[in-house]
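Q: Please take one part of this model and look at it closely. Then show me how that part sits in the rest of the chain. Short steps suit me best.

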Amino acid sequence: MDFAPSSSSAVLAGDAPSGAPAYLPPTDPVLMKLMVSGPFGVGKTTFVRTLSEIPTLHTEETMTAASVPVDDVSRTPGKTATTVAVDFGRITLADGDFVLYLFGTPGQRRFLPLWEDLARGALGALVLVDTRRLADAFDAMDLIEEAGLPYAVAVNRFPDTPPIALDAVRAALDLDPATPLVECDARERAGCVDALIALTEHVLDRLPPESAP
């Protein structure tokens, strides 16, 4: 199946011209709830904002001095806000056959109860990672594995990230050979779409035959 974005998702949220479609296509699409997870400051909010065909919902709050002992901002010196509840967006793929609802989660473990609530009903998760601090992704991966969700991993390439082979990333994260591992830039739509397609195909491959679309 061709998972190319449908024409209704060709415009980024916030840039849609007057009259741009925001409703679901007049078909009977497969609806999928997917999590966008990963450590603090890895680009989840940007990823959801880049992809969404509707105005996105963000629950960001300004970071204060109280977060200094618990949130390492050494790799994100310009970061002044953090997600405290959810980032929400939607993208339509395959000419309207698949509608993906994206739930970006807080990256800090202290938001675990919220993460568990958001994960209810999800079919899979995309874990964003930063190669400068791969170990920070283990908390998110542990939560996803405990929830029994299939997942894919996307390396978010930051401007100052040194190059690293995906095989080295796979080994460092101890990923199962079947777990999709891709690269993207959370600011660029094409790579983000490819990451979601890899996750969607992985989820569909693991659905019971009677549940597959």
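A: Start with Asp136, in what is a predicted model. Asp136 is partly exposed, with a relative accessible area of 38%. The reasoning is short: buried means under 20% and exposed means over 50%, so a value of 38% falls in between.

Now look at the partner. The side chain of Asp136 meets that of Arg133 in a salt bridge, with N and O 3.3 Å apart. The cut-off for such a pair is 4 Å, so 3.3 Å qualifies. The general idea is simple: side chains of opposite charge can pair when their charged atoms come close.

Move to Arg133 itself. Its relative accessibility is 13%, so Arg133 counts as buried. That sets Arg133, buried, beside Asp136, partly exposed, within a salt bridge. Arg133 also meets Asp130, and here the N-to-O distance is 3.4 Å.

Asp130 is the next stop. At 1% relative accessibility, Asp130 is buried. Asp130 has a salt bridge to Arg132 as well, and their closest N and O atoms are 2.7 Å apart. Arg132 is buried too, at 15%. The cut-off for buried is under 20%, so 15% passes.

Put these pairs together. Asp130, Arg132, Arg133, Asp136 and Asp160 form a linked network of salt bridges. You can trace part of this path: from Asp136 to Arg133, from Arg133 to Asp130, and from Asp130 to Arg132. In the whole structure, a search finds 8 salt bridges.

Now step back to the chain. There are 5 helices and 7 strands. In sequence order, the pattern is β-α-β-β-β-α-β-α-β-α-β-α. Of the 213 residues, 48% are buried. The chain exposes about 10,200 Å², and carbon and sulfur atoms supply 55% of that area.

How do distant parts of the sequence meet? Take contacts between residues 6 or more positions apart: 76% of them join residues at least 24 positions apart. Thr179 gives an example. Thr179 and Tyr151 are 28 residues apart along the chain, yet their C-alpha atoms are 6.8 Å apart. Thr179 sits in the loop between α4 (166–173) and β7 (181–184). Its relative accessibility is 7%, so Thr179 counts as buried. Beyond its neighbours within four places in sequence, Thr179 contacts Tyr151, Ala152, Val153, Arg170 and His202.

Another buried spot is in helix α5, residues 189–206, where Thr200 lies. The relative accessible area of Thr200 is 0%, so Thr200 is buried. Setting aside residues up to four places away, Thr200 touches Phe3, Met32, Leu34, Leu93 and Leu100.

Strand β3, residues 81–93, holds Ile91. Ile91 is also buried, at 0%. From Ile91 to Leu102 is 11 residues in sequence and 7.9 Å in space, C-alpha to C-alpha.

Return to charges, this time on the surface. A negative patch is formed by Glu116, Asp142, Glu145, Glu146 and Asp174. Helix α3, residues 138–146, supplies the largest share of that patch, with 3 residues. Asp142 lies in this helix. At 35% relative accessibility, Asp142 counts as partly exposed. To join a patch, a residue needs over 30% relative accessible area, so 35% clears that cut-off.

Asp174 is another member of the negative patch. Asp174 lies in the loop between α4 and β7. Its relative accessible area is 67%, so Asp174 is exposed. Its backbone stands out too: phi is near 55 degrees, a positive value in a residue other than glycine. In general, most residues other than glycine have a negative phi.

Compare the two settings for acidic side chains. Asp130 is buried and belongs to the salt-bridge network. Asp174 is exposed and belongs to the negative surface patch.

Technical notes. Residues are numbered from 1 along each chain as its sequence is written. This is a predicted model: local features need pLDDT of at least 70, side-chain atom pairs count only at pLDDT 80 or more; totals for chains, interfaces and linings use all residues. Side-chain values use heavy atoms; hydrogens and water are left out. Helices (H or I, at least four residues) and strands (E, at least two) are DSSP runs, numbered from the N terminus. Buried means under 20% relative accessible area, exposed over 50%, partly exposed in between (1.4 Å probe, protein chains only). Contact means heavy atoms within 4.5 Å. Accessible areas come from the Shrake-Rupley method with a 1.4 Å probe; for residues, only the protein chains shown count as cover. Patches are made of residues with over 30% relative accessible area and no salt bridge: like charges are joined within 9 Å, nonpolar side chains (Val, Leu, Ile, Met, Phe, Trp, Tyr) within 5 Å. Lys and Arg count as positive and Asp and Glu as negative; His and the chain ends are not counted. The place of a charge is taken as NZ of Lys, CZ of Arg, CG of Asp or CD of Glu.
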